[in-house]
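Me: I'd like to learn how to read strand pairing, backbone outliers and a core. Can we work through one example?

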Amino acid sequence: MPFAAAFDLESDQPIRVNADTARLDEGQGIATYTGSVEMSQGDANLKADKVVLYRSENGVSRIEATGNPAHYRQPAMEGQGETDARALTITWSASDNRVTFRREAVIEQGGNLFRGDVIHYDSVERVVTAEGASDQDGGGGRVEMVIQPRGNSSGNADNNPNRQDTDGSSQGQ
């Protein structure tokens with residue numbers, strides 16, 4: 001299944017950030033934004049309570065977003081449906097080409113759904129790995145994936161009488 005969920009940290013396109021407060025530590029290369037943070041790059045956008053950008057000599061190397069939840073959205077592109085993702089923590093890392101969604105992670109794309117305690121996306125290998133919460137965290141260690149049949153690639157899952165809403169409740173049963 002195709003999957004896209006990443007700001008392109010190597011892109012020439014600027015990353016724009018709006019927030020209630022901002023703190024830039026040029027010596028450390030760290031910019032911290034807090035309070036109704038809205039970040040965008042092209043058509044991709046993120047809303048979070050706090051975003052920390054780490055810069056190296058090559059540009060932005062890491063982005064950490066936290067919220068209740070942090071919410072990432074990317075419109076449909078290159079034959080892939082819109083990506084709508086949320087988690088309490090979302091981290092983009094340029095060095096390992098990985099996006100990690102932690103705690104209460106839910107990713108929807110084109111009617112497909114991934115839900116788990118931790119979801120990793122390797123943007124080079126195009127591999128999604130989901131992990132359930134440990135039993136001690138009350139998550140039962142389970143992950144959930146709902147993959148739509150190829151004939152329903154339009155991203156309109158409303159025609160599927162067995163689809164699940166993001167709260168896990170079934171529709172049309």
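Me: Which residue does L24 stand opposite in strand 3?

Reply: A note before that: this is a predicted model. L24 stands opposite A31 in strand 3. That pair belongs to an antiparallel pairing of strand 2 (residues 21–25) with strand 3, built on 5 bridges.

Me: What sits in the hairpin of strand 2 and strand 3?

Reply: Look at the linker and its phi angles. Here 4 residues lie between the strands, and G29 takes a positive phi near 75°.

Me: How many bridges join strand 3 to strand 4?

Reply: There are 10 bridges, and the sense is antiparallel. V37 faces A48 of strand 4 in this pairing. The hairpin of strand 3 and strand 4 has 2 residues between the strands, with G42 at a positive phi near 60°.

Me: In what sense does strand 1 run against strand 3?

Reply: Antiparallel again: 3 bridges join strand 1 (residues 16–18) to strand 3. N18 has E38 as its bridge partner in strand 3.

Me: How do I read phi signs and peptide bonds in general?

Reply: Most residues other than glycine have a negative phi, and most peptide bonds are trans. Now look for the departures. S36, in strand 3 (residues 30–41), is not a glycine, yet its phi is positive at about 45°. R103, in strand 7 (residues 98–109), is not a glycine either, and its phi is positive at about 65°.

Me: Is S36 buried or exposed?

Reply: S36 counts as exposed because its relative accessibility is 53%, and the cut-off for exposed is over 50%. R103 has a relative accessible area of 47%, so it is partly exposed.

Me: Which peptide bond is cis?

Reply: Check omega. The bond from N68 to P69 is cis, with omega near 0°. P69 is found in strand 5 (residues 59–74).

Me: How many residues does the largest nonpolar core have?

Reply: It has 27 residues. Those with the most contacts inside it are F7, L46, V51, I63, I90, W92 and F101. The elements that give two or more residues to this core are strand 3, strand 4 (44–56), strand 5, strand 6 (83–93), strand 7 and strand 8 (112–122).

Me: Which residues does L46 touch?

Reply: Leave out residues up to four places away in sequence. Among the contacts of L46 are F7, V37, M39, V51, A65, Y72, I90 and W92. The list also includes E38 and H71.

Technical notes
Residues numbered from 1 in each chain as written. Predicted model: local features only at pLDDT ≥ 70, side-chain atom pairs only at ≥ 80, totals over all residues. Heavy atoms only, no water. Buried < 20%, exposed > 50% of the residue type's maximum accessible area, 1.4 Å probe, protein only. Core = buried A, V, L, I, M, F, W, Y, C linked by side-chain atoms within 4.5 Å. Contact = heavy atoms within 4.5 Å. Pairing = 2+ DSSP bridges.
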